[in-house]
Amino acid sequence: MNAKNIFKLCVIGSLGMATLGLPLVFFASPAAAHGERSQEPFLRMRTAQWYDTRWAPQKTSVNDEAMLSGKIHISEDWPRAVTQPRRTFINVGSPSSVFTRTSSKVNGVPMFTSGPLELGGDYEYVIKLRARLPGHHHIHPMLAVNGAGPVAGPGGWMDIAGNYKDFTNPVKLLVGGTVDTETAGMAAGLFWHIVWGTLGFLWIAWFSVRPMFLIRARVLAQEGGDALLNDPVDRVVAYGMLGVCFVLIAIGFFYTDSQYPYTIPLQAGEPKIKATHLKSDLTVKVLAADYDVPGRALRMTLQVTNSGEQPLRIGEFTTAGIRFLNKVGVANNLDPTYPAEIMAQDGLHIEDESPINPGETREVKLDSRDSLWEVQRLMDLVHDPDQRFGGLLMAWDEAGNRHINSISGNIIPVFTRATAG
Amino acid sequence: MALFRTAEIIKASKLPPEGVKLSRMIDAVYFLPIAYLGVFATFHMHFDLLAGDWDFWVDWKDRQFWVTVTPIVEVMYPGAIMYYFWTFYRQPFGATLSITGLLVGKWITIVFAWYWWANFPANFVMPATMVGSALILDCTLLLTRSWMLTAIFGVWAFAMVFNPTQYALFGYSHQPVVVDGQLLSLADYMGFTFVRTGTPEYIRIIEVGSLRTFGGHTVWISAFFSAFVSMLVFTIWWQVGHFVGQSFFWVKGRRGAMTRMNDKMVCGSDEFAAKHGTPDGVAPGARVTARPAATTIS
């Protein structure tokens with residue numbers, strides 16, 4: 001390779017390095033969400049159906065307690081393309097561990113490890129958090145399903161003020177005493193890494209202070225070279241190093257064993273969580289549903305029967321963590337802290353808004369219409385391999401009791417306004 | 001009396017003083033920027049792909065899979081690197097170079113990726129250290145001067161001392177805690193408390209199977225199994241080192257027959273030429289024209 005070629009390669013290499021360095025020049029804004037919109041609509045609508053999600057309080061300081069809570073309905077119409085929830089974990093979707101999680105209960109059962117959830121089951125989760133990293137963070141509840149991946153719930157913003165250096169996360173040991181998860185075992189780990197690293201580098205240095213490669217290769221190729229390279233002092237040092245290693249390992253092991261006489265292995269069990277089930281006096285059957293692509297609306301025709309003793313009014317349809325409400329829903333179930341960007345307060349339209357009386361069976365035409373279908377990328381439903389929708393339909397009686405039905409059915413896309421009758 | 005045999009070795013190399021000086025420069029350039037950086041970059045990637053999660057997280061460091069998988073994966077590169085350094089230079093630091101290189105890469109990752117970028121504390125993502133095991137392996141090779149005995153005794157010790165070595169670093173994480181009425185190890189709780197959005201609990205591969213029925217001595221059963229597999233893996237990777245690192249070339253003997261010479265890094269010395277001939281069949285002193293001598297294939 002001549003000088004000209006070397007110069008050319010240097011120029012190309014420099015350009016490559018400069019290209020890699022470009023992102024550092026421009027401002028890179030932090031990610032504001034966790035890709036939940038990129039998940040397919042049939043996955044978001046018909047697996048985990050989230051409702052009553054709360055982020056409280058939304059403003060905290062470092063070390064403050066916070067809570068992420070809500071309910072999750074496991075859709076009866078779980079898609080065939082998605083592995084069933086035989087091993088799941090209620091998780092938190094956050095940009096790194098901005099909060100630590102101090103407790104997680106599902107239907108009152110601690111969920112430290114993964115476990116099965118039941119199709120059609122209803123679960124209330126309460127996740128206690130402790131503010132750790134200051135900032136403006138987008139936090140989701142998340143259902144991780146083994147074989148299917150994480151299904152993100154609705155995301156809400158939580159602010160943490162203060163300084164990370166003040167953060168502590170103490171936990172009481174069963175045998176007495178308290179440790180901080182931020183620093184536990186750090187000193188021992190660093191100490192032993194430094195000890196072993198130093199020994200390792202000393203060993204290499206012992207051989208690198210002498211000619212290392214070319215000269216030894218030439219000698220080795222000669223008659224008697226192997227014996228010449230077998231320096232007695234190296235053998236003495238090797239015996240010494242072997243002894244040092246075994247002694248250090250023994251000291252480390254027995255000292256640690258004396259420090260922590262009571263230990264247990266990692267726990268790999270699974271929680272047994274009993275499901276509850278939605279209660280409703282309504283029976284709902286989806287007769288037809290279409291998706292108005294240009295109008296950004298899901299239109300349903302439902303056959304609804306009220307088998308209760310009180311008139312009921314439909315007030316909310318929620319799917320994929322996105323809420324479509326009408327006046328009834330706003331009056332009964334408006335949480336002012338719920339993120340406005342995933343809630344349409346005037347997004348639910350019913351042809352006949354009169355209450356459904358006890359014993360009455362009625363055909364209800366329901367229209368959930370909002371740009372959220374577009375913004376939240378649920379309009380991609382038309383590209384899904386499984387053309388069905390799902391969601392929770394909520395109705396209220398006059399006493400304010402809520403009746404929830406999980407609904408699902410086939411959906412037909414309507415592509416043009418001309419045919420969008 | 002000199003500590004080392006360096007003077008004798010330099011004399012035996014028959015290199016002039018400027019050649020010796022040049023060889024030391026080559027040592028420096030070859031060792032640090034090429035061999036060391038190359039090993040730590042590639043071994044780090046290799047290890048993270050095969051055993052990464054067990055080494056990343058404190059709540060993956062169980063007595064079954066962690067103890068089994070880590071030595072098996074960590075002995076691979078040392079096998080090949082040891083072959084190269086030992087066969088061509090009789091240098092007994094291939095394993096230590098590999099494992100310290102791996103740890104340099106790991107600590108760069110811990111500081112910049114795990115702590116600075118992802119905000120996990122270093123104790124939560126503390127890697128295991130097998131430098132002690134590597135030193136034992138290198139010492140065994142130096143003392144036995146046999147790769148087979150190294151595979152049998154050195155590699156066995158390499159894997160067997162893994163757990164006692166790590167216990168000094170991670171013993172604290174097996175202290176019991178009770179949270180919400182449930183017994184957990186501190187490591188379990190740390191894995192729970194530090195939120196990992198993309199790594200839900202079920203991803204953990206720990207404590208699976210029936211090894212636990214062996215009288216509770218799971219960790220030693222795992223270590224024995226790991227040691228035996230490590231022996232096999234070491235011999236395979238020693239041969240990988242042989243395959244990748246072999247240098248052979250063809251020489252023309254005095255009667256004109258071409259002979260393949262294996263594993264010889266040096267040709268061109270007068271003794272070598274007298275014994276084996278030269279690539280082009282011309283005596284060293286008689287070579288006057290520039291004839292292609294590049295018959296070395298590697």
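In this predicted model, R296(A) is partly exposed, its relative accessible area being 32%, and the residue is engaged in a salt bridge with E374(A) in which the closest N and O atoms are 3.1 Å apart. E374(A) is likewise partly exposed, with a relative accessible area of 30%. R296(A) belongs to the loop between strand 13 (282-292) and strand 14 (297-306) of chain A, whereas E374(A) lies in helix 8 (residues 372-375) of that chain, so the pair ties together parts that are 78 residues apart in sequence. Salt bridges with shared partners also join D290(A), D292(A), R299(A), D367(A) and R369(A) into one network. Within this network, D290(A) pairs with R299(A), the closest N and O atoms being 2.7 Å apart. The two partners fall on either side of the 20% limit below which a residue is classed as buried: D290(A), at 22% relative accessibility, counts as partly exposed, while R299(A), at 16%, counts as buried. Over all chains, the structure holds 30 salt bridges.

Two salt bridges are counted between chain A and chain B. One of them joins the side chains of D226(A) and R145(B), with an N to O distance of 2.9 Å. On the side of chain B, R145(B) is placed in the loop between helix 6 (131-144) and helix 7 (147-160), and on the side of chain A, D226(A) is placed in helix 5. Both residues retain some accessibility in the model, R145(B) being partly exposed with a relative accessible area of 24% and D226(A) being partly exposed with a relative accessible area of 31%.

The contact between the chains as a whole draws on 100 residues from chain A and 99 residues from chain B. The area buried between chain A and chain B is about 9200 Å², and carbon and sulfur atoms give 69% of this area. In chain A, the residues that lose the most area to chain B are F112(A), F213(A) and L266(A), which together account for 10% of what that side buries. Polar contacts between chain A and chain B number 44 residue pairs, counted where both residues are at pLDDT 80 or more. Several elements of chain A each supply at least two residues of the side that touches chain B; among them are the strands 4 (88-93), 5 (99-106), 8 (135-145) and 11 (170-172), together with helix 3 (186-208), helix 4 (214-220), helix 5 (225-229) and helix 6 (232-259). When the residues on this side of chain A are sorted by class, 57 are nonpolar, 28 are polar and 15 are charged.

One of the polar contacts between the chains involves N169(A), whose side chain meets the side chain of T193(B) at 3.1 Å. N169(A) is found in the loop between strand 10 (156-161) and strand 11 of chain A, and at 2% relative accessibility the residue counts as buried. The side chain of N169(A) makes a further polar contact, within chain A, with the side chain of T181(A) at 2.9 Å. Leaving aside neighbours within four places in sequence, the residues in contact with N169(A) are T100(A), T102(A), R130(A), V179(A), D180(A), T181(A) and T193(B).

T193(B), the partner of N169(A) across the contact, is one of the buried residues of helix 9 of chain B, together with L186(B), A187(B), D188(B), Y189(B), M190(B), G191(B) and F192(B). Since eight of the eight residues of helix 9 (residues 186-193) of chain B are buried, this helix is largely enclosed by the rest of the structure. Both chains contribute to its cover, which includes strand 4, strand 5, strand 11 and strand 12 (178-180) of chain A as well as strand 1 (176-179) and strand 2 (182-185) of chain B.

Chain B comprises eleven helices and five strands, and 58% of its 298 residues count as buried. Among contacts in chain B between residues at least 6 apart in sequence, 70% join residues at least 24 apart. The area exposed by chain B is about 12600 Å², of which carbon and sulfur atoms supply 69%.

Key:
Residues are numbered from 1 along each chain as its sequence is written. Chains are lettered from A and ligands numbered from 1 in the order in which they are written. Side-chain values use heavy atoms; hydrogens and water are left out. Contact means heavy atoms within 4.5 Å. Buried area is the accessible area (1.4 Å probe) that two parts lose on being put together, summed over both. A salt bridge is a side-chain nitrogen of Lys or Arg within 4 Å of a carboxyl oxygen of Asp or Glu. A polar contact is a pair of N or O atoms within 3.5 Å; within protein, one must be able to donate a hydrogen and the other to accept it, and residues adjacent in sequence count only if both atoms are side-chain atoms. Helices (H or I, at least four residues) and strands (E, at least two) are DSSP runs, numbered from the N terminus. Ala, Val, Leu, Ile, Met, Phe, Trp, Tyr, Cys and Pro count as nonpolar, Asp, Glu, Lys and Arg as charged, and the others, Gly among them, as polar. Buried means under 20% relative accessible area, exposed over 50%, partly exposed in between (1.4 Å probe, protein chains only). Accessible areas come from the Shrake-Rupley method with a 1.4 Å probe; for residues, only the protein chains shown count as cover.
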